[in-house]
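Biologist: Please take one pocket of this model and describe it closely, in terms that a first-year student can follow. Please then go on to the parts of the fold that you consider worth examining next.

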Amino acid sequence: MVKAAVFRGPQQPLHIEDVQLDAPGPREILVNTKAVGVCHSDLHFVDGLYPMANPAILGHEPAGVVEAVGDQVTYVQPGDHVIACLSVFCGVCEVCTSGRPYLCSGEATRRAPNDKPRISQNGEPIHQGLNLAAYAEQMLLHENAVVKIRPDIPFDKAALVGCGVMTGVGAVLNTAQVPAGASVAVFGCGGVGLAAIQGARLAGARQIIAVDTMENKLAMAREMGATHVIDASSKDAAASIIDITGGGVEYAFEAIGLKQTAEQAFRSLAAGGTATVIGMIPVGQKVEVDGYEFLRAKKLQGSLMGSNRFRLDMPRYLDLYLQGRLDLDKMVSRTGKLEDVNDAFRAMKAGEVARTVLTFP
Ligand SMILES: NC(=O)c1ccc[n+]([C@@H]2O[C@H](COP(=O)([O-])OP(=O)(O)OC[C@H]3O[C@@H](n4cnc5c(N)ncnc54)[C@H](O)[C@@H]3O)[C@@H](O)[C@H]2O)c1
Ligand SMILES: [Zn+2]
Ligand SMILES: [Zn+2]
């Protein structure tokens, strides 16, 4: 039996319950969860803004230690420290072999619908949210869901890299490929936006303009490398960005998940600029831009999980962390236990945290 926070439908708190994990199949591994970050994407599922099967276990920003491996697993062995990533890659499909494994549909790395489920409770299947189900003491994963990491990295810091840091830094370095000297604006300074700000700093951007409605987030943004901050609760962010840059930024990133801020990000661009929407805009909502803006060669694009090749990217980010060039320490605003997951959602909604990380003994 494994203790887990179970999602039983939108607009309800997660329930702490015991669930059963099956034994690892040939290419599966059992991982003891050591830390899991609470990302806003899970809150979107809980709020009912995005569909999610139920009952399910959410949680997709974890680090842990391999406990057991299936008989065909070659990549890891028991005792290895790992980060798990929802971008589980099969390695053989068209998107994987064309170098975009973050787009893998993942069918080959999940159990077939008629197979015994990975997670169950009294014989009833429990959905494995986003391939991981990390709000649980243990995770049963495909081996291609993890990357090995150095054992000297603290688990709470490593966990953040599993989604928020990969997503934000990766959107800048992989998706948009911001060059040194560029001007950048980041809308939203939560876990993902602060990571995007750090990505822009790593890229050598000359102007990094952070936008948020909360003073404490803007203060953090400055610590992470923002050169300018805009309080969007009292100002039109796009107009302010155009003012600061004398005509607009070359790269804008939306890390909130709102129609209105995605449109602002596009409006804040200079001619030829690129807006990258990272935030999860609620299903069914349209993003509208002025058609003539395309004649100014402006681009609008999405980014999924920082366009990662996570087995390459994540260990590199951890090296940058150890060198003091990527700040993960300040990104962990607070820690808690699995039972604190609902309070972590509340704190996120209230804007109190960059990230809450839940830790396990
Ligand atoms: N594309 C992906 O692969 C991917 C991966 C992870 C997360 N996400 C999404 O990224 C978004 C951000 O996630 P997070 O965990 O950083 O969330 P978060 O709640 O920690 O941060 C959101 C920030 O936006 C700010 N904000 C809210 N409304 C605003 C407004 N109108 N103007 C300016 N700032 C505003 C909040 O104060 C907060 O600081 C979410 O939508 C999440 O689902 C996407
Ligand atoms: Zn996430
Ligand atoms: Zn694939």
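Modeller: The second largest pocket has a volume of about 160 Å³, a value computed on a predicted model. Its lining consists of Lys3, Asn32, Thr33, Lys34, Glu137, Lys337, Leu338, Glu339, Thr359, Phe360 and Pro361. Strand S3, residues 28-37, supplies the largest share of this lining, with three residues. By character, the lining residues comprise five charged, three polar and three nonpolar ones. Lys3 and Glu137 are among the charged residues, Asn32 is one of the polar ones, and Phe360 is one of the nonpolar ones.

We may turn next to the metal site. The zinc ion (ligand 3) is held by the SG atoms of Cys90, Cys93, Cys96 and Cys104, at 2.3 to 2.4 Å. The angles among these four donor atoms are 105 to 116°, and the site is tetrahedral. Along the chain, the donors follow the spacing C-x2-C-x2-C-x7-C. Cys93 belongs to the loop between strand S6 (81-84) and helix H2 (94-97), whereas Cys104 belongs to the loop between H2 and S7; the pair therefore ties together parts that are 11 residues apart in sequence. Cys93 has a relative accessibility of 23% and so counts as partly exposed. Cys104, at 13%, counts as buried, because the limit for that class is under 20%.

Strand S6, which precedes the loop of Cys93, merits a description of its own. His81 and Ile83 point one way from S6, Val82 and Ala84 point the other way, and all are buried. In a regular strand, side chains alternate between the two faces of the sheet. S6 pairs with strand S5 (residues 62-69) in the antiparallel sense over three bridges, and Val82 is the bridge partner of Gly64. S6 also pairs with strand S11 (residues 146-148), again antiparallel and over three bridges; here Ala84 stands opposite Val146.

Strand S7, which follows the loop of Cys104, leads to a further sheet. This open sheet has six strands in the order S8-S7-S2-S1-S4-S9, with mixed pairing. Strands S8 (124-125) and S9 (127-128) stand at its edges with a single partner strand each, so one side of each is left without a neighbour in the sheet. Within the sheet, strand S2 (residues 15-21) and strand S7 (residues 119-121) run antiparallel and are joined by two bridges, with Leu21 opposite Ile119.

Terms used. Residues are numbered from 1 along each chain as its sequence is written. Chains are lettered from A and ligands numbered from 1 in the order in which they are written. This is a predicted model: local features need pLDDT of at least 70, side-chain atom pairs count only at pLDDT 80 or more; totals for chains, interfaces and linings use all residues. Side-chain values use heavy atoms; hydrogens and water are left out. Two strands pair if DSSP finds at least two bridges between them. Helices (H or I, at least four residues) and strands (E, at least two) are DSSP runs, numbered from the N terminus. On a 1 Å grid over the protein atoms alone, a cavity is a set of points where a 1.4 Å probe fits but cannot get out, and a pocket is an open set with protein on both sides within 12 Å along at least five of seven lines; lining residues have an atom within 4 Å of a point. Grid points are joined across faces, edges and corners, and a volume is the space filled by probe spheres set on the points. Donors are N, O and S atoms within 2.8 Å of the metal (3.2 Å for Na, K and Ca); water is not among the atoms, so sites may look incomplete. Four donors count as tetrahedral if all angles lie between 85 and 135 degrees; four count as square planar and six as octahedral if opposite donors are over 155 degrees apart and all others between 65 and 115; anything else is irregular. Buried means under 20% relative accessible area, exposed over 50%, partly exposed in between (1.4 Å probe, protein chains only).
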